[in-house]
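The following exercises are to be worked with the sequence and the coordinates at hand. Each task is followed by a solution in steps.

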Amino acid sequence: MQPRMGVRGLSASARVARWNEIPLAPPDKILGIAEAFKEDSNPKKINLGVGAYRNNEGKPIIFPSVKNAERSLLETEVEKEYTGINGSKPFQSIVQNFIFNNSNKDAAGAKLIGGNRIVTAQTISGTGSLRVIADFLVRFNSAKKIYVPKPTWANHIAVFTDAGLDAEFYAYYDNNANDLDFANLTKSLEDADPESVVLLHACCHNPTGMDLTPEQWEVVLEIIQQKKLYPLIDMAYQGFASGNPYKDIGLIRRINQLVVEGKIPSYSLCQSFAKNMGLYGERTGSISIVTESPEQSKAIDSQLKKLIRPMYSSPPIHGSKIVETIFSNPELLESWLGDLDQVVGRLNTVRDKLYQKLDKTNYNWDHLTKQRGMFVYTGLSKEQMIALREKYSVYATEDGRFSISGINDSNVDYLANAINEVVRDFK
Amino acid sequence: MANSYFTEIQELPPDPLFGLKARYSKDTRTDKVDLGIGAYRDNNGKPWVLPAVQQAEAKLAKTPGYNHEYLGIAGYEPFVSSAAKIILNGDNKDVLERTVSVQTLSGTGSLHLAGLFLKKFYKGSNALYLSLPTWANHNQVFASIGFDVKSYPYWDNDTKSLDLNGFLNAIALAPPKSVFLLHACAHNPTGLDPTKEEWSKILEAMSKYDHLPLFDSAYQGFASGSLENDRFAIEAATSASSPIKSSPIIICQSFAKNCGMYGERVGALHIVLPKDLVDLKPAIKSQLNKIIRCEISNPPAYGAKVVALILEDKALYKQWTEDLQVMANRIKSMRVKLRDLLTNKYKTPGNWDHIVDQTGMFSFTGLNKDMVERLERNHGVYLVSSGRASVAGLNDSNVERVAQAIDEVVRFQSKL
Ligand SMILES: Cc1ncc(COP(=O)(O)O)c(C=O)c1O
Ligand SMILES: Cc1ncc(COP(=O)(O)O)c(C=O)c1O
């Protein structure tokens, strides 16, 4: 069916003169899974493709804290004015305090905030912040290369290359061992072009769920200093590793220290409230650039505005107002931390349950217990994933990634059994 | 030794409008007046959340299944299709069937997306024409994408009316298949729109030289108070009887002003295809999605859900049309008051009828840069240096002061 929709039918010369070829762009993989899932009539079907949380009944939720914040907004909101180009000021300072000051526990971060060395802009969630920093780096960084882990979130490469960066992989994961490939990771970073950008997942690496230990980060940060790499940190799952967002930012604290010590001059952080506040569709996130001086902060702030103004003028306010409401009310803040802990708790419980029920005689499943976040990276082959879909109506991306939140008490047995079967069949 | 990044980076002056806002905020005079803002104010000078919006929000919160899930890449489908019907005339099935629509980050995001799409796939001229003058951001939106941005004459400063001949001349002289940005109504900053007869001449000429019309619709309902009247030019361009037969027509739609949803960023992009290009719809949609995915993944949900409710629910829709009239009428009455004060009470030198003839949120006062500066410095009355005043910033308690201040700066300068 696809070719018919392309430009084959174009014949009139007027059309040819007016347009370049407009081919049908490939559909988004995750959406393709959702479509196929919808059409499957098997009552036992399971969708493990979605990147959003589902409760034990398989339903989307609104965090109770978010619901309360929205209720109070509805009663008190008296305007829907434009925010600034870089977003709402209160939102910017909330993000800075939350992440860099870390409720007064990060002295180095506090010093950077106090010294006007952090520029924060509200963006179109995590994707928008990745896009803005990519556009910025294309303009102002000497090197145009960005190293991303292999594998990484599919859209990383699309966003970076579309902005004009040249994306290349660094080794990250050993598919045979189902483990971090730290030896090759360090080797490929040592071989990286100097002054390039290096993308680091702050925690809950997507898709593998496998993070570096503090000792391993230390080694990587050392290479970053030697090779003068520019660290770009993507933090889309803050709180999903430990259940506590204040605990999941060891990397950021350490790098703040290195900046204060003058060992790393600058880095950037892309942050999103999509997952940890369940604000997915409200597009709420930020970019923070830790700069070399307060003067440079001013210049960078003005350049970010110049980038954003012609793209979309200013960011959407509903999500940021929810964040502001939650952070300005200690009770709501407490309640949000509790909500997040519960969500992460359920994911971990389900992960354990699945692990318990998997047959370990044919396959070593120990990696499941080490992985963190919304996903399990099974290590199942493409053939096995296709068999899961065709024989058992279990839908997930063919790289073997399961979104854990699609698993619950009523389908975990069926799922474990299906996995055990395909592992046996394709041994 | 640590390296140093970004050594080339320089601080830029603030965006003029945001700079004005900052100066206004710092001003300690209690009777200061902000005529720079591009947002509606009620008669107390306060922002106004439309009753239709308040009701829609309350209803939305109670809707079963309300959530914050990701929208699809192209946005919230009920919003996108209702938005197309409101700007294109929902009764005209033929036009709707030829249209590809996606949700965007308000009007700016729509202009940006249209620009990216054209840049990638439009093989016509790389020249893109803007009215002189125009909304300040237009130039940056298209220049940043790599268009050769030019301008066409629009405002005749001597007669304070449309320079139709200059406009038509520019259409004739532009490279064929150029892109022309047209303000659908309530032209920003002049508040001056072509008449129906003038529109028909403009569209004839556009067709003759095979240009691509790109409509910017940021004020539908704000000019006349009627959504139908304010889409006149777009209907004329897209209907079966339009002279434009072979070019696609692009419409960038914003709900920022007419729904008072400024910061919620609600808008849409519509590409109306000529009959022989209709089979390109799926390919165009897929390419728009690809661009969106690489910039934002998917658009913000809340504002689109609120506006969709207003467009779909009969009672809310009726409330909205009433709200639009409240805004349009208040602005019209302020235009009349200001003109009357200047003409009758202060007998300010010059003719001030254009203030009443102009429509939409703005008046292009004709005050020059020096007068604007003196207004700000001596009187605490803030407007942008082009002399554009946001009429929405006027109200019963400040219009007299503003008239007096304008009178003073006009007389002051005539004495120099
Ligand atoms: C690693 C990673 N980064 C960034 C994002 C961006 O998400 P959003 O734009 O919804 O905040 C995601 C979302 O899935 C992600 O997995
Ligand atoms: C002529 C014109 N076009 C587009 C816009 C875009 O506004 P927004 O992005 O807020 O919808 C504006 C806003 O002032 C405008 O005046």
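**Exercise 1. A polar side-chain pair**

Determine which side chain makes a polar contact with that of Ser286(A), and describe the surroundings of Ser286(A) in this predicted model.

*Solution.*
Step 1. The partner is Gln271(A): a polar contact of 2.7 Å links its side chain to that of Ser286(A).
Step 2. Ser286(A) belongs to strand 10 of chain A, which covers residues 284–290.
Step 3. The relative accessibility of Ser286(A) is 1%. Buried means under 20%, so Ser286(A) counts as buried.
Step 4. Neighbours within four places in sequence are set aside for the list of contacts. The residues in contact with Ser286(A) then include Phe91(A), Val95(A), Ser129(A), Leu269(A) and Cys270(A). Thr120(A), Ala121(A), Gln122(A) and Thr123(A) are also among them, and strand 2 of chain A spans 118–124.

**Exercise 2. The sheet of chain A**

State in which order the strands of the open sheet in chain A are arranged, and identify its edge strands.

*Solution.*
Step 1. The sheet has 7 strands, and their order is 2-10-9-8-7-3-4. The pairing is mixed.
Step 2. An edge strand pairs on one side only; in chain A this applies to strand 2 (118–124) and strand 4 (166–171).
Step 3. From one strand to the next, the twist averages 25°.
Step 4. At the strand 4 edge, the partner is strand 3 of chain A, residues 145–150; the two run in the parallel sense and share 6 bridges.
Step 5. Within strand 4 of chain A, Asp166(A) is the residue opposite Lys145(A).

**Exercise 3. Cysteines and disulfides**

Establish how many disulfides the structure contains, and explain the result for Cys270(A).

*Solution.*
Step 1. A disulfide is a covalent bond between the sulfur atoms of two cysteines. The criterion applied here is a pair of cysteine sulfur atoms within 2.5 Å.
Step 2. The search over all chains returns 0 disulfides.
Step 3. For Cys203(A), the nearest cysteine sulfur belongs to Cys204(A) and is 4.1 Å away; Cys203(A) is in no disulfide. Cys203(A) is buried, its relative accessible area being 5%.
Step 4. For Cys270(A), the closest cysteine sulfur is that of Cys203(A); because the separation is 14 Å, the two are too far apart for a bond.
Step 5. Cys270(A) is buried as well, with 0% relative accessibility.

**Exercise 4. The site of ligand 1**

Locate ligand 1 with respect to the chains, and list side chains whose polar atoms approach its oxygen atoms.

*Solution.*
Step 1. Ligand 1 is placed between chains A and B.
Step 2. Its surroundings comprise 14 residues, of which Ser125(A), Thr127(A), Asp234(A), Ser272(A) and Tyr70(B) are the closest.
Step 3. On the chain A side, a polar side-chain atom of Ser125(A) is 2.6 Å from an oxygen atom of ligand 1. An N or O atom in the side chain of Tyr237(A) is 2.7 Å from an oxygen atom of the ligand.
Step 4. From chain B, the side chain of Tyr70(B) places an N or O atom 2.6 Å from an oxygen atom of ligand 1.

**Exercise 5. A loop with a cis peptide bond**

Characterise the loop between strand 7 and helix 10 of chain A by way of Pro207(A) and Gly209(A).

*Solution.*
Step 1. The loop lies between strand 7 (197–201) and helix 10 (214–227) and holds Gly209(A); Pro207(A) is in this loop too.
Step 2. The peptide bond between Asn206(A) and Pro207(A) is cis, with omega about 15°.
Step 3. Gly209(A) is buried, at 1% relative accessibility. Apart from neighbours within four places in sequence, its contacts are Lys370(A), Gln371(A) and Arg372(A).

**Exercise 6. Backbone geometry in chain B**

Find where the cis peptide bond before Pro133(B) lies, and decide whether Lys160(B) and Lys347(B) are exposed or partly exposed.

*Solution.*
Step 1. Leu132(B) and Pro133(B) are joined by a cis peptide bond with omega about 0°. Pro133(B) is in the loop between strand 3 (127–132) and helix 6 (136–143) of chain B.
Step 2. Lys160(B), a residue other than glycine, has a positive phi near 50°. It lies between strand 5 (155–156) and strand 6 (161–162) of chain B, in a loop, and is partly exposed at 26% relative accessibility.
Step 3. Lys347(B) is not a glycine, yet its phi is positive, about 50°. Its loop connects helix 13 (314–345) and helix 14 (354–357) of chain B. Exposed means over 50%, so Lys347(B), at 58% relative accessibility, counts as exposed.

Note on methods. Residues are numbered from 1 along each chain as its sequence is written. Chains are lettered from A and ligands numbered from 1 in the order in which they are written. This is a predicted model: local features need pLDDT of at least 70, side-chain atom pairs count only at pLDDT 80 or more; totals for chains, interfaces and linings use all residues. Side-chain values use heavy atoms; hydrogens and water are left out. Two strands pair if DSSP finds at least two bridges between them. Helices (H or I, at least four residues) and strands (E, at least two) are DSSP runs, numbered from the N terminus. Axes are lines fitted to C-alpha atoms, for helices over the stretch in contact, and angles run from 0 to 180 degrees between N-to-C directions. Buried means under 20% relative accessible area, exposed over 50%, partly exposed in between (1.4 Å probe, protein chains only). A polar contact is a pair of N or O atoms within 3.5 Å; within protein, one must be able to donate a hydrogen and the other to accept it, and residues adjacent in sequence count only if both atoms are side-chain atoms. Contact means heavy atoms within 4.5 Å. A residue is near a molecule or strand if one of its heavy atoms lies within 4 Å of it.
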